[in-house]
Amino acid sequence: MSLTKPEKISHAACSTANALQASALQAAAPIVLALAECDEELREDAIELFKQLTAGGLDEEQRQATTALIAEILFPNADDNGLAGLDLVEAENLAPKSNPEAKDVLNEMDRQEDIFAQRLRELMEEKGLTQAGLADAVGLGQPAISMMLNRSCRPQRKTVLRFAEALGVPPASLWPNFEQ
């Protein structure tokens, strides 16, 4: 049986669609497996971030930050090439052995991160903001706010600026020694 020209085009389109679908599923498999291996809280955070990505309300910078956060949740010890990297805690433990000044720097970073989380929590309470409300105000996901408050991730400089603007305070009132 021979196919007509429209049938050949339709058949080729179906074959291409099936091949693309198979490729997409194959590419998604490591993500799904990593999601399944996460503890329940991280899994919920990642799913919420995936929902934000698919909702379409994020700008390019927010999409990149959300994607990076998902990658960190699912593949916490991977570098930019997806290869196993050095865990941050492990790196912080090794640094003082190779560089004595590193211990002071790490202690200061830890102190400032702690102050940031405390001040952020206090300002949210003063202004009657929930994590979700602050997340909306700064263009981040609520899980990212939770992770910063629990000190499981450090905010970038531009994120501290966004928090300060949303809360109506100078950046240095959130992060000690913040230099403009």
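## Contacts and overall build

Among contacts in the chain between residues at least 6 apart in sequence, 52% join residues at least 24 apart. The model is predicted. The chain holds eight helices and zero strands. Its pattern along the sequence reads α-α-α-α-α-α-α-α.

The chain has 180 residues, and 28% of them count as buried. About 11,900 Å² of the chain is exposed. Carbon and sulfur atoms supply 55% of that area.

## The aromatic cluster

A search of the whole structure turns up two aromatic pairs. One of them joins Phe 116 and Phe 163. Their ring centres are 5.8 Å apart, and the planes meet at 55°. This pair is tilted. Phe 116 sits in helix H5, residues 100-127. Phe 163 sits in helix H8, residues 157-167. The two parts are 47 residues apart in sequence, so the pair ties them together. Phe 163 is buried, because its relative accessibility is 0% and the cut-off for buried is under 20%.

Phe 116 also pairs with Trp 175. Here the centres lie 5.5 Å apart. The planes are at 50°, so this pair is tilted too. An angle over 60 degrees would be needed for edge-to-face, and one under 30 degrees for stacked. Phe 116 in helix H5 and Trp 175 in the segment after H8 are 59 residues apart, and their pair links distant parts of the chain.

Is Phe 116 buried or exposed? Phe 116 is buried, with a relative accessible area of 0%. Trp 175 is buried as well. Taken together, ring pairs link Phe 116, Phe 163 and Trp 175 into a cluster.

## Ile 70 in helix H3

Ile 70 belongs to helix H3, which covers residues 60-74. Its relative accessibility is 5%, so Ile 70 counts as buried; the cut-off is under 20%.

Which residues does Ile 70 contact, leaving aside its neighbours within four places in sequence? They are Ala 46, Leu 49, Phe 50 and Leu 53. Ile 70 can also be placed relative to Ala 144. These two residues are 74 apart in sequence. Their C-alpha atoms are 9.9 Å apart in space.

Terms used: Residues are numbered from 1 along each chain as its sequence is written. This is a predicted model: local features need pLDDT of at least 70, side-chain atom pairs count only at pLDDT 80 or more; totals for chains, interfaces and linings use all residues. Side-chain values use heavy atoms; hydrogens and water are left out. Rings of Phe, Tyr and Trp (its six-membered ring) pair if their centres lie within 6.5 Å; planes under 30 degrees apart count as stacked, over 60 as edge-to-face and the rest as tilted. Helices (H or I, at least four residues) and strands (E, at least two) are DSSP runs, numbered from the N terminus. Buried means under 20% relative accessible area, exposed over 50%, partly exposed in between (1.4 Å probe, protein chains only). Contact means heavy atoms within 4.5 Å. Accessible areas come from the Shrake-Rupley method with a 1.4 Å probe; for residues, only the protein chains shown count as cover.
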